[in-house]
Amino acid sequence: IYPAMDVDSASSVVLQALTQATSQDTAVLKPAEEQLRQWETQPGFYSVLLNIFNNHTLDVNVRWLAVLYFKNGIDRYWRRVAPHALSEEEKTSLRAGLITNFNEPVNQIATQIAVLIAKVARLDCPRQWPELIPILLESVKGQDGLLQHRALLTFYHVTKTLASKRLAQDRRLFQDLASGIYSFACSLWSHHTDCFLQQVCARDEAAALNSLERTLLSLKVLRKLTVHGFQDPQQNMEVMGFLNAVFERLKQFLECCRQVGPESPCREKLEKTIILYTKVLLDFLEDHACAFIPLIQRSLEFAVTYVFTPAGEGVTFERFIVQCMNLIKMIVKNDAYKPAKNIDESKPESLEAHKIKTAFFTHPTLTEIGRRLVSHYFLLTEEELAMWEEDPESFAVEETGGDSWKYSLRPCTEVLFLEIFHNYSQTLTPVLLDMVQNLQGPTNVEDPVQLLMKDAVYNAVGLAAYELFDNVDFDQWFKNQLLGELQVSHHRYKLIRRRVIWLIGQWISVKFKSDLRPLLYEVILSLMQDPDLVYLESIFGLLFQLLQQVTECDTKMQVLHVISCVIERVNTQIRPYVGCLVQYLPLLWKQSEEHNMLRCAILTTLIHLVQGLGAESKNLYPFLLPVIQLSTDVSQPPHVYLLEDGLELWLVTLENSPAITPELLRIFQNMSALL
């Protein structure tokens, strides 16, 4: 492709290469990809790509690929200082071609084109591309449905990209843009929102879905403008007016959830829009804490009403409750809303915010929030109980912080409880102790409601252990109540046994007499179902059995961590009991080839094992030395994960080696690359 080459003939050549690059046959695919890679730096290549993806008669996969090559080219060759940079003439032509029409019929391609335009805008807007925003605004006003949507989609991606720039000069430019288009963005959002609400009332679901999509996009634009577009947003009446309107709109949209029902095609997008409204408030609170002060009262009233009173029944959903709890938590814990220890040194806005919070969090309100958090939100759900029965390991991993855990309701509830308890412990301590008092003595195994309630209350006492230090005689409670509960062997009581052992784990470093520990060890051994052996042999044997039985990587890592702690604690006394573990670790190492974090746990266990075995660790060399060799070889990809523990294992192996051996010396070949 050369400037002198006819564009049509160049298009056919590139089109053929792109078509071949979509092939499933690698013999066709690879040469085409190589050809396209060579063309990336040729003048005119991106103009041809633009013609191809703007031609709606061509195959969708080919057009999609053309957009991707164009997008990658922006990253590599659009900046003036880039090697093989595009000429200013070609860039001018491309910019004009990108915004000639917003009529892409395929959603996925339309989104990619919008992202592509935003990438160019990040580099060129407004200086080299002053016409972009005016053209987008004009197109958004149009009556053509497709044109309006695609322009709005592009407008959002451009706004999002420009808002993410962090240099002071770029932020000033974005603030200039925001002040110029904020009124228009507000009226656009308001118009599409009103249309949606009217269409929902008229039961016109197809039209409502279209309006909802536009409401969502215009709200996304407003979120970026509101949060990032103003240095002192509290002084802008339109910004504060929009934020106050958010609460009313949220109520209307939550009511729509009741009207449309869970099976409606609008439901998913409706929930997304509701979550986006809450994100507007959360983002604004995070970035502009002082400007948020006039919104504290309404935010607390809104969130507490929907989460802790019957008003939320039938309209709320889990993600919304999580967002509301986050809003309450961020207001409660925000340092800008707390007076200084010396009141005279406090800022006026901090005193004002504190006054609003104090007026809201009355004794009855706090009592209701505390009781409802524990007695409603802390209860294990039917799904969680079913998961425990069907897959105990996965349940345990989720409970201790699996990937999806941090996005779910339970951790959010616990964090809010801790935050509120920490800030209002004088009010909430008697409430929690009263709940404990009502559950004294063993619970009837035939009463699942009471079992779940006891689990929830014990969870709260464990979480608040440090706050309750002066109010709970844990040693007496352990001897008089908890110990007995650990000895109830009924299958249904496992819920309480599990919670009590966790509760003791929470309190053991807070307030637990050392002379009670032997009693506790005996109970733990009985829970691990082998009470007749000597402590160390029993603990180690049972942990080893558990290590073999579990299948989840996370669980194996947890068990290895406990084994390492035991070995580290007893040191050389471990020697008689490690035979089985020593035989099993090579197999576990082999099985964990794809799991580097598990291999890190194995290395840590080996470090403690070598220290415990001392000179006897030479018997491990056939397994130990190849492990050190691999972990400290920087030419092997796993070294990224294993190197630090591998070096420590190498060091303790040398320190405990009775004599140097050729095999030990051989590992030294890794040293020059390491240094």
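What follows is a chat about a predicted model of one protein chain.

Visitor: Hi! What does the secondary structure of the chain come to?

Guide: Hello! In this predicted model, the chain has 32 helices and zero strands. Along its principal axes, the C-alpha trace spans about 85 × 75 × 55 Å.

Visitor: And how many of the residues count as buried, as a percentage?

Guide: Of the chain's 675 residues, 49% are buried. As for contacts with a separation of 6 or more, 71% of them involve residues 24 or more positions apart.

Visitor: Where does UniProt place the "Importin N-terminal" domain?

Guide: The UniProt record, an unreviewed entry, puts that domain feature at residues 32-104. In the model, this span is 63% helix and 0% strand, and its end C-alpha atoms lie 26 Å apart.

Visitor: Let's look at helix α2. What span should its 14 residues have?

Guide: Helix α2 covers residues 26-39, and at 1.5 Å a residue the expected span is 20 Å. The end C-alpha atoms are 20 Å apart, so the model agrees with the expectation.

Visitor: Nice. Which residues of α2 are buried?

Guide: They are L29, A32, L36 and W39. These four cover an arc of only 90° around the axis, so they sit on the same side of α2.

Visitor: Then what does the face turned away from the buried side carry?

Guide: That face of α2 carries the exposed residues A27 and K30. K30 counts as exposed because its relative accessibility is 51%, and the cut-off for exposed is over 50%.

Visitor: What does K30 form a salt bridge with?

Guide: Its partner is E33, and the closest N and O atoms are 4.0 Å apart. K30 and E33 are three residues apart in helix α2, which means about one helical turn separates them. E33 has 31% relative accessibility, so it counts as partly exposed.

Visitor: How many salt bridges does the structure hold?

Guide: There are 23 salt bridges in the structure. One of them pairs E40 with R76, with the closest N and O atoms 3.0 Å apart. E40 lies in the loop between α2 and α3 (45-53), while R76 is in helix α4 (residues 60-77), so this pair ties together parts that are 36 residues apart in sequence.

Visitor: E40 first: buried or exposed?

Guide: E40 counts as buried, at 9% relative accessibility. R76, in contrast, is partly exposed, with a relative accessible area of 43%.

Visitor: Further along the chain, how do the side chains of E271 and R267 meet?

Guide: They meet in a salt bridge, 2.9 Å from N to O. Both are in helix α12 (residues 267-287), four residues apart, so about one helical turn lies between them. E271 is partly exposed at 23% relative accessibility, whereas R267 is buried at 14%. There is also a network elsewhere: E248, K251 and R298 are joined by salt bridges that share partners.

Visitor: Switching topic, where is R150?

Guide: R150 is in helix α8, which runs over residues 145-163. R150 is buried yet has no salt bridge.

Visitor: Huh. Which side chain of opposite charge is nearest to R150, and how far away?

Guide: That would be E104, 6.1 Å away. A salt bridge needs the nitrogen and oxygen within 4 Å.

Visitor: So what does R150 touch?

Guide: Leaving out residues up to four places away in sequence, R150 touches F102, E104, P105, V106, N107 and A110. E104 turns up here as a contact of R150, and residue 104 also ends the UniProt domain feature.

Terms used
Residues numbered from 1 in each chain as written. Predicted model: local features only at pLDDT ≥ 70, side-chain atom pairs only at ≥ 80, totals over all residues. Heavy atoms only, no water. Helix = DSSP H or I, 4+ residues; strand = E, 2+ residues; numbered from the N terminus. Buried < 20%, exposed > 50% of the residue type's maximum accessible area, 1.4 Å probe, protein only. Lys, Arg positive; Asp, Glu negative; His and termini not counted. Contact = heavy atoms within 4.5 Å. UniProt positions renumbered as here; feature names shortened; annotations may be inferred. Expected span 1.5 Å × (residues − 1). Arc of directions from axis to C-beta.
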